[in-house]
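Colleague: Could you take a close look at one part of this model for me, the place where strands from the two chains pair up? I'd like to hear what sits around that spot as well.

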There are 2 protein chains.
Amino acid sequence: MAVRGPLSGIVVADLSRILAGPYCTFLMAELGARVIKVEPPGKGDDAREYGPFRGGTSAYFASVNRGKQSIALDLKNAADKKLFERLLEMADVLVENYRPGAMEKLGYGWEALHKRYPRLVYAAASGFGHTGPCAHEPAYDMVVQGLGGIMSITGPQGGPPVRIGMSIGDIGAGLYMAIAVNAALLHRERTGEATMVDIGMLDCQIALLENAVMRYGVTGEVPGPLGARHPTIAPFEAFATRDGSIIIAAGNDGLFQKLCEALARPEMAQSPDYKTNDLRLHHQPRLKAEIEKELRKQPTRHWLKALDAAGLPCGPINDIAEAMAHPQVAARNMLVTVDDPKAGTLTLAGNPLKLSGFPDPAKREPAPELDADRAAILKELGL
Amino acid sequence: MAVRGPLSGIVVADLSRILAGPYCTFLMAELGARVIKVEPPGKGDDAREYGPFRGGTSAYFASVNRGKQSIALDLKNAADKKLFERLLEMADVLVENYRPGAMEKLGYGWEALHKRYPRLVYAAASGFGHTGPCAHEPAYDMVVQGLGGIMSITGPQGGPPVRIGMSIGDIGAGLYMAIAVNAALLHRERTGEATMVDIGMLDCQIALLENAVMRYGVTGEVPGPLGARHPTIAPFEAFATRDGSIIIAAGNDGLFQKLCEALARPEMAQSPDYKTNDLRLHHQPRLKAEIEKELRKQPTRHWLKALDAAGLPCGPINDIAEAMAHPQVAARNMLVTVDDPKAGTLTLAGNPLKLSGFPDPAKREPAPELDADRAAILKELGL
């Protein structure tokens, strides 16, 4: 088989469902690993029932399961257990996101598997991780977004907290999990030792909030939502223009000076109130008003051009359609297609893990139908 | 040296600044890699000037640079270049987040380095990646949040878009970069081949938005902000109680039935309008009103207990202080301390990459002062 990516040759036995685990194994598949999705017979992964649907198939499922294989196995049935164990012999990694304890009940806990398959890396994602007082509690993305604090610092200043527009609880856990699994595979390659990866969604939220955690620790002030501005850098936010808004990110003194010049207000850069980032942060409301006074004289398009020419990081607030239409998105192959046998051609997010020397095709393999690869896998295992 | 993690023995030459690159190398340091931060003489990493400060030192910098070493080198100075090249001989990975082209000007582009150091993995993070029409444009977190579309789907329904409360543009890129670097290191270990990793912040935003991209592609409707509810699952959102709010995530039919029972409204589960997730999604406003009618009868604390007992994923909306005080956060060692020589003891986010067999100490090494490790590194290189 051709080398599809840096994980070519790695086999993943994937028991994971819905989003956190499947996003991790999706990234592994994009990196060239062979991912064999083991699903319960009948309905398969719960995500197969999440909309939107096209041609009777879940596009939600298609998005994060493309390029995987599927076999339906009942892990409480003796014959299927035997088959699953043959799969584990051939696998490099087992990925699961059951509630802690569930795998032990099936006889497939880390301790048992590590004895029997000493080279198998075992990766678990769960709401709260496999240790601690809440280990056995259920969790979903939304619950973890609420528990972890990210909702409390996202939203209009003084307004109600809002959910992050994507499933950062699940996707965040999937990202950290992929980092840890790849590190575990490297460690195994170098030492022969397999380890257990134990990812907790709540842990990942705390990790993502490193800046807010640090700020609360240092200042004793509980961070709140700040609308569309940065907590510790100014000016670094969305500003009103004559016809809409523009984001300007003047992250250091030099950029602030350029901004003042581009606004034809060079003296602002010399103001004793604005000379350093710390001063600008303290006077942020007044600074914002002064900047907007100038920006309101022209439309967004004018300012994007003028500020860009001045070397200032700036940009529009795109909706999803505008973001997808950005010329750089096409140039970077960040929209790919799959030809799904039921749903037809689907446009999906591409792979941001760009590595030299590996293909990044514009067309990808679709997600498997439930149990689609049973015959091929049985044959491969000589069964 | 003791094995600190799965990346023990890996040496990272780290030219990266501010957040995206440093977050990647921070995770690598947490995984046991030795990270040698190469900073410009004088001011060092720009992030050393970002607040909040304590004892004259940047806690912003301390949070994502703990456990690294520092050497100040002027990469335009011949003697320092020589020293840097000695460092590259000993390094496994070079990480940088300059604008594309900057490394080439220094003579350290991927092509040149790959010829000279064929085993060196080269990892670059930039706003737009190293290819495409916008490759050379500057970008900051905030700009990329605006360009990529995440702001357009986060915020109150019908309200203005808001910034995600953490730097998801930078941190997102750092996470994908760490996944790719670990995969590249594994590939090198297995084949001897080193590759270039080219991470674009905008690419990563599109990747994070896989669900919104898929939805727009399938439905043709541009997703907008939804306040505190999930776009495709219902009921899966924040609800009002007598004294505040509660998040309930009833992600499948079984959980919805349990919810109806816990609310003493078992007949709701049988309603032809609510029988499937798709139906519940279509009738979400009415369903929400019916659920809130019951929830308003008791305070949040009552419902957390009752719904938890019924096995329903639910939770409060914590602020950062409440999140940090969650007993599971302590049990998982997700708050660690460093004793900074200037700032004193700082409480920082812990490491969510939990792997069996490796230490996860409660106290970590602080971030280095600029050039703190020069003498030791020179000695090690025999200079």
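Modeller: Two bridges tie S14(A) to strand S8 (residues 196-200) of chain B, and the two strands run antiparallel. One of the residue pairs you can pick out is A:Lys354, whose bridge partner in S8(B) is B:Asp198. Keep in mind as you look that this is a predicted model. The predictor gives the complex an ipTM of 0.95 and a pTM of 0.95. For chain A, the mean pLDDT is 95, with 99% of the residues at 70 or more.

Now follow the sheet along from that pairing. It is an open sheet of seven strands with mixed pairing, and the order goes S14(A)-S8(B)-S7(B)-S6(B)-S1(B)-S2(B)-S5(B). Strand S14 (354-355) of chain A and strand S5 (69-72) of chain B stand at the edges with a single partner strand each, so one side of each has no neighbour in the sheet. Helix H1 (residues 20-30) of chain B lies across part of this sheet, namely strands S1 (11-14), S2 (34-39), S6 (93-96) and S7 (121-126) of chain B. Relative to S6(B), H1(B) runs at about 145 degrees.

You'll find a pairing with the chains swapped, too. Strand S8 (residues 196-200) of chain A is joined by two bridges to strand S14 (residues 354-355) of chain B, and these strands run antiparallel. Here A:Val197 stands opposite B:Leu355 in S14(B).

What about the wider contact between the chains? On the chain B side 131 residues are in contact, and they meet 130 residues of chain A. H7(B) supplies the largest share of the chain B side, with 14 residues. By class, that side of chain B has 79 nonpolar, 36 polar and 16 charged residues.

H7(B) deserves a look of its own. The axes of H7 (residues 168-191) and H8 (residues 201-208), both in chain B, come within 9 Å and cross at roughly 90 degrees. That angle is why H7(B) counts as roughly perpendicular to H8(B). On the H7(B) side, B:Gly169, B:Gly172, B:Ala173 and B:Tyr176 make the contact, while H8(B) brings B:Met201, B:Cys204, B:Gln205, B:Ala207 and B:Leu208. Sorted by class, that contact between H7(B) and H8(B) comes to six nonpolar residues, three polar ones and no charged ones.

There's another spot where an element of chain A meets a sheet of chain B. Strands S9-S10-S11 of chain B, in that order, form an open sheet of three strands with antiparallel pairing. Its edge strands are S9 (236-240) and S11 (314-315) of chain B, each pairing on one side only. Strand S10 (residues 245-249) of chain B is joined to S11(B) by two bridges, again running antiparallel, and B:Ile248 has B:Cys314 as its bridge partner in S11(B). Helix H6 (residues 141-148) of chain A packs on this sheet and touches S9, S10 and S11 of chain B, its direction making about 150 degrees with that of S10(B). From chain B itself, helix H12 (residues 284-295) lies across S9 and S10, running at about 45 degrees to S9(B).

One last thing to help you place S14(A) and S8(A) in their chain. Chain A is divided into domain 1 (11-208 + 330-380) and domain 2 (236-323). The centres of those two domains of chain A, taken over C-alpha atoms, are separated by 41 Å.

Definitions and conventions. Residues numbered from 1 in each chain as written. Chains lettered and ligands numbered in written order. Predicted model: local features only at pLDDT ≥ 70, side-chain atom pairs only at ≥ 80, totals over all residues. Axes fitted to C-alpha atoms, helices over the stretch in contact; angles between N-to-C directions. Helix = DSSP H or I, 4+ residues; strand = E, 2+ residues; numbered from the N terminus. Parallel < 35°, antiparallel > 145°, perpendicular 65-115°, else oblique. Contact = placed C-beta atoms within 7 Å. Nonpolar A, V, L, I, M, F, W, Y, C, P; charged D, E, K, R; others polar. Pairing = 2+ DSSP bridges. Domains from an automatic or database assignment. pLDDT = per-residue confidence, 0-100.
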